[in-house]
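The following note is offered to a colleague for use alongside the model. The points concern cysteines, sheet architecture and nonpolar packing.

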Amino acid sequence: MRYCVPVPRKAEPWYLKDGGKRLASDQLAIAESYPGLTFRTDVHKRRCYLEGEIVHVSPCGTPTRIQIRLEFPRAYPDQEPLVYETGHHFPHIADRHFYCTGRCCLWIDEESTWLTDQQQSLKNFLDGVVVFFDRQIVYDSMPVSERRWPGGERGHGVVGYFQYALDLVGGNVALLFQLLPMTKGGHGRLRNKACPCGSTRKFKRCHLHTVENIARSIKPSHRQWLMQGIKDAGVAL
């Protein structure tokens, strides 16, 4: 007797789910604001892209045409798209918040404003991308010796996450080093113990809520990366 081994079915790509409802919604949402962008699907790779140009108009009326490509992850819309500057209009260097591939480093994941289930999510996301390119243009307009990234920014790599975590503890480096290991879990059992910050107060009445906020605000993988980065810098946690 022969047995047929069932072949697992591939998950349906996001742009085909519910009859392509999300794709149609996204197309409608950006058609008026970004007419230079077009959706393209690759049936072999089962991926979807948004490609073309966006036009930035300066206060004096000068247009700048910027070629971009958005790559939608397989988990879209639960995850936001990746953005690439494909026209090489700007240098793809870290100080300009670009990866060498042309991918734009817009923000750290924890500070993303991406909302999964809103009809205008993609349009609002693109509005944020336009702000990023506006800052590129402002940067270019500065004298070379005075160039600094306009607007707020985070450091590159693990440094950016360190800055973000530091903001959560009011800029207190020593306190961050004391509390960060507590986010691994099990800190609830220490509620009635002395707070690791060194005070005489019980943990629950001192920094328990701060630890819970750090754990809630930073993804576990990023917390692990951050702790490893701190250890690599020679700081004992």
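1. Cysteine 100 is a convenient starting point in this predicted model. Its sulfur lies 12 Å from the closest cysteine sulfur, that of cysteine 105, and this is too far for a bond. A disulfide would require the two sulfur atoms to be within 2.5 Å. Cysteine 100 is also exposed, its relative accessible area being 72%.

2. Cysteine 105 is likewise in no disulfide: the nearest cysteine sulfur belongs to cysteine 104, at 9.1 Å. With a relative accessible area of 29%, cysteine 105 is classed as partly exposed. Across the whole structure, the search returns zero disulfides.

3. Turning to the strands, four of them form an open sheet in the order S1-S2-S3-S4, and the pairing is antiparallel. The edges are occupied by S1 and by strand S4 (82-85); each has a single partner strand, so one side of each lacks a neighbour in the sheet. From one strand to the next, the twist averages 25 degrees.

4. Within this sheet, S2 and S3 run antiparallel and are joined by nine bridges. As regards register, isoleucine 54 is found opposite isoleucine 66 of S3.

5. A helix packs on part of the sheet. H1 lies across S1 and S2, and the angle between H1 and S1 is about 160 degrees.

6. Which residues touch the most other members of the largest nonpolar core? They are Leu50, Leu70, Phe72, Leu122, Leu126 and Phe133, in a core of 29 residues. Two or more residues each are contributed by helix H1 (21-31), strand S1 (37-42), strand S2 (47-57), strand S3 (63-71) and helix H2 (121-141). H2 provides the largest share of this core, namely seven residues.

7. Phenylalanine 72 merits inspection in its own right. Apart from neighbours within four places in sequence, phenylalanine 72 is in contact with Trp14, Phe39, Arg47, Cys48, Tyr49, Leu50, Pro81 and Leu122. Of these partners, Leu50 and Leu122 are themselves listed among the core residues that touch the most other members.

8. The nonpolar packing is not confined to that one cluster: a second, separate core comprises 20 residues, including Ile108, Val169, Leu179 and Val211. A reader examining the model may wish to display this core of 20 residues beside the core of 29 residues.

Methods:
Residues numbered from 1 in each chain as written. Predicted model: local features only at pLDDT ≥ 70, side-chain atom pairs only at ≥ 80, totals over all residues. Heavy atoms only, no water. Core = buried A, V, L, I, M, F, W, Y, C linked by side-chain atoms within 4.5 Å. Buried < 20%, exposed > 50% of the residue type's maximum accessible area, 1.4 Å probe, protein only. Helix = DSSP H or I, 4+ residues; strand = E, 2+ residues; numbered from the N terminus. Contact = heavy atoms within 4.5 Å. Pairing = 2+ DSSP bridges. Axes fitted to C-alpha atoms, helices over the stretch in contact; angles between N-to-C directions.
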